[in-house]
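Student: Could you take me through one part of this protein slowly? I'd like to see how the pieces around it connect.

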Amino acid sequence: VENQPSYIVFTTQIPEQFRVKIKDKNINLINYSYNNQLDSLAVDFNNYADANGNFRLSSAELQALLINELFSSTQITSVIPALIDARFAVAQGKVVPVVFSADISTAANYRSLAPQITPDSVLIHAPSAILDTITMIKTKYFEQHSCKDTLNLTMPLQLAVGVKSTPSRIKVMVPISRYVEKILNGLDINVTDVPNGLNLSVFPNKAAVSCLVDFSHYSEINAEDFFISVSYKSIKNAKQKTIPVDIISYAKPGLVDNIKLHTKEVEYIIEDVTNE
C-alpha cells in the first residue's frame, strides 16, 4: 500500500500475497517467469480509502490494476483473494523501547555480550485502546546456537493487527568473542574495617585469581584490575583461626567472565598498637 499516512493503521489484515492465474501464449508466460513481472502490485491508499475507515478494492478494480502490469494479450482467469475489504483507524502515536527476543548460545570458549539494538526505540501508531496497553515492542523471535562469530541481523518487529511501527525493522548486533583462561598471581590482599588501635595481619598476604578473558583484550587484564580484601568484621570469635578472602570489585567487567578466587581464606594475627 503506497501513500499511507503514518497516523493510519489497519485494524483488519490486508492480504500480503495474491494468487493470480493467467492465460496467454507460451512465450509471454515464459517472460513473466524470467522477469518477475508479477512480483508485486502497488495500491495507492488515497484511491481506495473512504472517510468511514474502509479500504476496499472490488474484484473489477483489483483486476484492472493487475491488467496494467500484463501484456495486452494476457487474460486473467482468477485472482485469490478476489477483493480487498479492510478497515483502518486514525491512530495516536508514542515512542516505545525495542526488546530483542532471542535464544542465542555460543560454542565452547566463546561468550556473547549484550545485544546492540539500532534504533533502540520506535514510533508506534495504534488506536488509543491498543496504544495504552503497549509498553515495548519485541522483535520477531530469533534462535541460533553454537555461535562463534558476531551476529549482524535485520529483524522485523512483532506487531499486532492495528499497530504500525516506524521503522518496521531494526538492526541488532550481538558481539561474540573468544575467551581464554588467564591466571593472575601475587594479588595484594587488602585489610579493611580494622578498629582504631588494632592491626590485622594476614598470612599469606597475596592471592591468585583465574578468569576467562576476551582473547582480543588478553594483555589488558592485570592484577591491579582486582580489589581483594579481608574484613575484620568477619572475625566472629577468638577461636576462629582463618578469615575469608573476597573479591570486592574488578575494573573491567565487560572483558572478563567466570572469575575464580584460588585463595579462599587466610590465617591472621591481631595486634594491639594503642601504645605504639
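Tutor: Here is a walk that starts at a small sheet, moves to the pocket beside it in our list of topics, and ends with a few individual residues.

Keep in mind that we're looking at a predicted model. Let's begin with an open sheet of three strands, which run in the order 1-5-3 with antiparallel pairing. Strand 1 (8-10) and strand 3 (54-57) are at the edges, and each has a single partner strand, so one side of each has no neighbour in the sheet. On average, neighbouring strands here are turned by 30° against each other, ignoring direction. What holds strands together in general? Strands of a sheet pair through backbone hydrogen bonds, either parallel or antiparallel. Now zoom in on one pair: strand 1 and strand 5 (residues 84-90) are joined in the antiparallel sense over three bridges. If you want to spot a bridge yourself, find Val9 and look for its partner Ala89 in strand 5.

Strand 1 also turns up in our next stop, the largest pocket, since at least two residues of the lining come from each of strand 1, strand 2 (19-23), helix 1 (26-35) and strand 14 (164-166). The space in this pocket comes to about 1,400 Å³. There are 38 lining residues, and the closest to the centre are Val1, Ile14, Pro15, Glu16 and Gln17. Sorted by class, the lining has 21 nonpolar residues, eleven polar ones and six charged ones.

While you're at the start of the chain, have a look at Asn3, in the segment before strand 1. Asn3 isn't a glycine, yet its phi is positive, about 60°. Ser146 does something similar: its phi is positive at about 55°, and it's not a glycine either. You'll find Ser146 in strand 12 (residues 142-147). Is Ser146 buried or exposed? With a relative accessible area of 52%, Ser146 is exposed, because the cut-off for that word is over 50%.

Next, two backbone details to look for in loops. The peptide bond from Thr118 to Pro119 is cis, with omega near -10°. Pro119 belongs to the loop between strand 9 (116-118) and strand 10 (121-126). Another cis peptide bond links Phe203 to Pro204, and there omega is about -5°. Pro204 is in the loop between strand 17 (198-203) and strand 18 (206-214).

Let's finish with two residues that touch each other. Ser229 is in strand 19 (residues 226-231), and Pro244 is in strand 20 (residues 242-244). Leaving out residues up to four places away in sequence, Ser229 touches Ile189, Asn190, Thr192, Pro244, Val245, Asp246 and Ile248. Ser229 has just 4% relative accessibility, so it counts as buried, the cut-off being under 20%. Pro244, at 36%, is partly exposed, because that value falls between the two cut-offs. With the same sequence neighbours left out, the contacts of Pro244 are Ser229, Val230, Ser234, Lys264 and Glu265. Try finding that last one on screen: Glu265 is 21 residues from Pro244 along the chain, but their C-alpha atoms are separated by 4.2 Å.

Note on methods. Residues numbered from 1 in each chain as written. Predicted model: local features only at pLDDT ≥ 70, side-chain atom pairs only at ≥ 80, totals over all residues. Heavy atoms only, no water. Pairing = 2+ DSSP bridges. Helix = DSSP H or I, 4+ residues; strand = E, 2+ residues; numbered from the N terminus. Axes fitted to C-alpha atoms, helices over the stretch in contact; angles between N-to-C directions. 1 Å grid on protein atoms, 1.4 Å probe; cavity = no way out; pocket = protein on both sides within 12 Å on 5 of 7 lines; lining within 4 Å. Points joined across faces, edges and corners; volume = space filled by probe spheres on them. Nonpolar A, V, L, I, M, F, W, Y, C, P; charged D, E, K, R; others polar. Buried < 20%, exposed > 50% of the residue type's maximum accessible area, 1.4 Å probe, protein only. Contact = heavy atoms within 4.5 Å.
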